[in-house]
Amino acid sequence: MGFKVAVVGATGNVGREMLSILAERGIPAGDVTAVASERSAGGEVSYGEDDVLKVEDLERFDFEGTDIGLFSPGAKVSAIHAPRAAKSGCVVIDNTSHFRMDPDVPLVVPEVNPEAIAHYKKRLIIANPNCSTIQMVVALKPLHDFARIKRVVVATYQSVSGAGREAMDELFNQTRGVYVNDPITKEVFTKQIAFNCIPHIDVFMEDGSTKEEWKMGVETRKILDRDIAVHATCVRVPVFIGHAEAVNVEFERPISVEQARAALKAAPGISVIDRRVDEGYVTPQESAGEDAVFVSRIRRDPTVPHGLGLWVVADNLRKGAALNAVQIAEILMREYLDQSGDVGRRRHIG
Ligand SMILES: NC(=O)c1ccc[n+]([C@@H]2O[C@H](COP(=O)([O-])OP(=O)(O)OC[C@H]3O[C@@H](n4cnc5c(N)ncnc54)[C@H](OP(=O)(O)O)[C@@H]3O)[C@@H](O)[C@H]2O)c1
């Protein structure tokens, strides 16, 4: 369609995945600009199999002429540069936590609340939810439509890629260190992550929960239904890519395992792999590089009148971040931006 796209944070975990998804979707390299910090400006990043893009410095980058900005440079950087881009008419789809709870910024998962995109015009910013929220609400949506969810209790098993490139290096180096008897160095995580689990993601809040756990509740309510109660325990595990979640759901109305399975199978973006045999479920390692949210281990919870247990797995860099952002961009381009306007000066028609 000839839209100009800037990927901001292009050298990071999420940014590189965005570039690879844009290339897979056939967006020409000439329509995409890679933007990162001064540190990597002037270097190159791969774009698909055959192309490379030169990295531009965000501080000096002029968003005039860019239709869509896919942002993942960290919350503090987005706080400054997303409004600057929007001022030039560039619609920002931001992956950081900074704008998610802003009432003037839609928080969107295309399979769940695509209609919310219509509210982007107030600030020209759309927020991408947290990775653990995205995969959970994709799985909850068809179940909520069927039997109305009252309460969710979730424990997450989150991979280190969710904390950025340096976190992946830390798991690799610590794992190697354990085998060769080198001292363990901790920079990204507060405790050793190799051969361990850490029940602490983001900062602690006053009530004893962590901010990651708080995000899962407030974001689920903003996206899906403001009446759903969520209790989360978020845990970092020594997995490189792919988040898993053990989700316990309590409903208002009856729902059988068979009805839940049928509703999940019919819903967009979900792959149900649920055979009660060895290997009849999906693990995070198998989700890496995949687009779907996988649902396994669907079973009744007999401790409440209407309850189910589920195991939900997805690639946190794809559906949990980059893919979700690109899906939002596709809806914007298709339904809200003028297809015929001058490049970089699209009228907002939707
Ligand atoms: N990883 C996930 O699963 C996930 C999911 C959802 C949301 N997010 C959010 O997305 C953001 C990035 O995550 P990530 O995993 O991609 O992190 P990352 O691998 O550490 O990459 C950070 C990116 O931001 C760029 N950057 C840092 N400071 C900058 C500055 N001052 N100006 C311009 N660019 C700057 C870096 O560029 P240089 O190479 O130049 O330093 C790099 O491209 C975070 O806010 C994170 O919370 C991540």
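This is a short viewer tour of a predicted model, going from the ligand and its surroundings out to some helix packing.

**Stop 1: the ligand and its shell.** Select the ligand and bring up the residues around it. There are 27 of them, and those that come nearest are T11, N13, V14, S37 and S40. Now colour the shell by class: you should get 15 polar residues, 10 nonpolar ones and two charged ones.

**Stop 2: polar contacts.** Keep the ligand on screen and show N13 as sticks, backbone included. One of the backbone N or O atoms of N13 sits 2.9 Å from a ligand oxygen. Move on to V14, again looking at the backbone: a polar atom there is 2.9 Å from an oxygen atom of the ligand. For a side-chain case, pick R39, where an N or O atom of the side chain lies 2.9 Å from an oxygen of the ligand. With those contacts drawn, try a surface view. On its own the ligand has 900 Å² of accessible area, and the protein covers 81% of that.

**Stop 3: helices that feed the shell.** Which helices each supply at least two residues of the shell around the ligand? Switch to cartoon and select 13-24, 75-87 and 318-336: these are α1, α2 and α8, and each one meets that count. N13, which you already have as sticks, is in the α1 range of 13-24.

**Stop 4: α3 against α6.** Leave the ligand and select residues 131-147, helix α3, together with residues 257-266, helix α6. Their axes are 9 Å apart, and the two helices pack at an angle of about 125°. The pair is therefore oblique. Turn the view so that one helix lies over the other, and check the handedness: α3 passes α6 in a right-handed crossing.

**Stop 5: α3 against α5.** Hold on to α3 and swap its partner for residues 211-223, helix α5. Here the axes come within 9 Å and cross at roughly 45°. That angle makes α3 oblique to α5. How is the crossing of α3 and α5 handed, left or right? It is right-handed.

Methods: Residues are numbered from 1 along each chain as its sequence is written. This is a predicted model: local features need pLDDT of at least 70, side-chain atom pairs count only at pLDDT 80 or more; totals for chains, interfaces and linings use all residues. Side-chain values use heavy atoms; hydrogens and water are left out. A residue is near a molecule or strand if one of its heavy atoms lies within 4 Å of it. A polar contact is a pair of N or O atoms within 3.5 Å; within protein, one must be able to donate a hydrogen and the other to accept it, and residues adjacent in sequence count only if both atoms are side-chain atoms. Accessible areas come from the Shrake-Rupley method with a 1.4 Å probe; for residues, only the protein chains shown count as cover. Helices (H or I, at least four residues) and strands (E, at least two) are DSSP runs, numbered from the N terminus. Ala, Val, Leu, Ile, Met, Phe, Trp, Tyr, Cys and Pro count as nonpolar, Asp, Glu, Lys and Arg as charged, and the others, Gly among them, as polar. Axes are lines fitted to C-alpha atoms, for helices over the stretch in contact, and angles run from 0 to 180 degrees between N-to-C directions. Angles under 35 degrees count as roughly parallel, over 145 as roughly antiparallel, 65 to 115 as roughly perpendicular and the rest as oblique. A crossing is left-handed if the near helix is turned anticlockwise from the far one by less than a right angle, and right-handed if clockwise.
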